[in-house]
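Student: I would like to go through the terms used for this structure and check what each one rests on.

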Amino acid sequence: LPRTGPRSEYYARGDIHTLQPLPWMPGVARIVGDGFVDSQPFDACPRQVLKRALARLAGRGWQLRTGIEPEFFLLQRGAGGTWQPADAHDRLDKPSYDLKSLPRQMDFLHTLHETLSACGLDVLQIDHEDAHGQYELNFAYGEALLSCDRLMLFKQAAHALAEARGMVFSMMPKPFANQPGSGLHFHVSLWQGEHGLFAADGDGSGLSLAGRQFVAGVLAHAPALCALAAPTVNSYKRLTVGESLSGTSWAPATIAHGPNNRTAAVRTLPGRFEWRVPDASANPYLATATLVAAGLDGITRGLDPGPGIGADLFTWTPAQVRAHGLGLLPQSLDEALDALEGDEVVCDALGETLTQEFLRLKRAEWVEFARHVSPWELQRYAAAF
């Protein structure tokens with residue numbers, strides 16, 4: 001934005017439908033705002049970007065509904081400034097659904113559940129995930145904009161409740177190299193009134209023709225979408241297939257779809273699909289907006305996603321992936337940014353202002369990382385030559 005003139009003032013216009021008292025801060029309420037500049041919707045406001053995308057669907061009489069599944073860590077600072085799980089006893093080899101660790105964090109988890117329920121979220125479950133100190137909370141799916149607003153409310157509550165207990169709530173994608181990272185999986189369905197447009201049409205995929213075309217668009221634009229769904233340097237430590245503490249990373253690297261296949265970028269299910277690429281650092285508004293653009297492109301062009309893959313893609317070699325005509329997701333932020341810059345559909349969804357600023361800031365992040373000398377490098381090379 002310029003520093004002078006009418007476009008130098010940015011302000012948020014509150015959406016009265018989002019007004020919500022905050023149970024953990026008596027006397028304080030939250031209202032979600034849309035960005036405006038010079039009395040016009042600000043083209044680079046993430047919520048406005050999503051509203052533009054959803055308006056394209058509304059023009060066809062359609063509505064997108066999403067169920068977003070946040071995974072997160074509860075951490076604390078250890079000796080020498082290192083990070084470690086807040087529960088020092090959380091150390092099973094396979095900690096998923098650990099019924100000993102869960103009770104030790106019951107105060108936080110129960111309070112988080114009660115708090116979100118008081119805010120109108122239908123909390124379905126909370127579980128211990130596949131890494132030490134990692135948890136997942138699921139709430140009911142809903143209209144896409146509302147789902148994003150609810151996710152941001154969840155983050156706001158979880159940060160505050162963890163801090164009050166001397167912990168750090170973290171949605172860093174992969175804080176520990178030898179353990180799975182945190183995803184932000186999207187369950188996606190398209191509706192016309194109360195009719196699900198992705199409902200099965202008898203071809204065995206669990207999706208209608210429109211659903212398959214939407215998925216095909218998501219796969220066609222997967223490299224560019226990765227820049228929004230996995231927007232940090234650390235994100236790409238998660239999107240690498242390999243062994244972890246529990247034996248798998250649970251994060252896709254192959255641009256493929258498959259029926260109930262958690263090793264593919266898109267897991268197809270009856271009447272919906274799960275987009276497994278996003279990680280916990282993603283901006284939900286931008287991830288959803290670009291997903292809509294990619295899916296609509298698939299429908300408009302009548303794209304075919306190809307046959308679903310039922311195999312465990314985590315076991316495939318690069319040669320097997322190539323032999324089946326599949327691609328790999330970007331393996332670095334730099335690669336994802338290159339894909340974004342070359343993808344007109346995804347860039348158009350973001351708009352010129354946001355595209356240029358996003359690329360500028362993320363390129364700077366990548367350069368800063370590339371110039372950083374890590375302890376691993378010093379240990380390996382300092383006395384080697």
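Tutor: The questions below take up a helix, a serine and some strands, all in a predicted model.

Student: What makes helix α6 largely enclosed by the rest of the structure?

Tutor: Buried means under 20% relative accessible area. Seven of the eight residues of α6, which covers residues 222-229, are buried, so the helix is largely enclosed. Among them are Ala222, Leu225, Cys226 and Leu228.

Student: Why is Ser8 called partly exposed?

Tutor: Its relative accessible area is 25%. Because buried means under 20% and exposed means over 50%, the value for Ser8 falls in between. Ser8 sits in the segment before β1.

Student: How do you know that the side chain of Ser8 makes a polar contact with the backbone oxygen of Gly5?

Tutor: A polar atom of the Ser8 side chain and the backbone oxygen of Gly5 are 2.6 Å apart. The cut-off is 3.5 Å, so the pair is within it. Leaving aside neighbours within four places in sequence, Ser8 is also in contact with Pro2 and Arg3.

Student: What makes β12 and β17 a pair of strands?

Tutor: Pairing needs at least two bridges. Strands β12 and β17 have three, in the antiparallel sense, so they pair. Across them, Phe186 stands opposite Trp275.

Student: How do you know that β16 pairs with β17?

Tutor: Four bridges link β16 and β17, again antiparallel, so the requirement of at least two is met. Arg267 stands opposite Glu274 in β17. In their hairpin, two residues lie between the strands, and Gly271 takes a positive phi near 80 degrees.

Definitions and conventions:
Residues numbered from 1 in each chain as written. Predicted model: local features only at pLDDT ≥ 70, side-chain atom pairs only at ≥ 80, totals over all residues. Heavy atoms only, no water. Buried < 20%, exposed > 50% of the residue type's maximum accessible area, 1.4 Å probe, protein only. Contact = heavy atoms within 4.5 Å. Polar contact = N/O pair within 3.5 Å; in protein donor to acceptor, adjacent residues only side chain to side chain.
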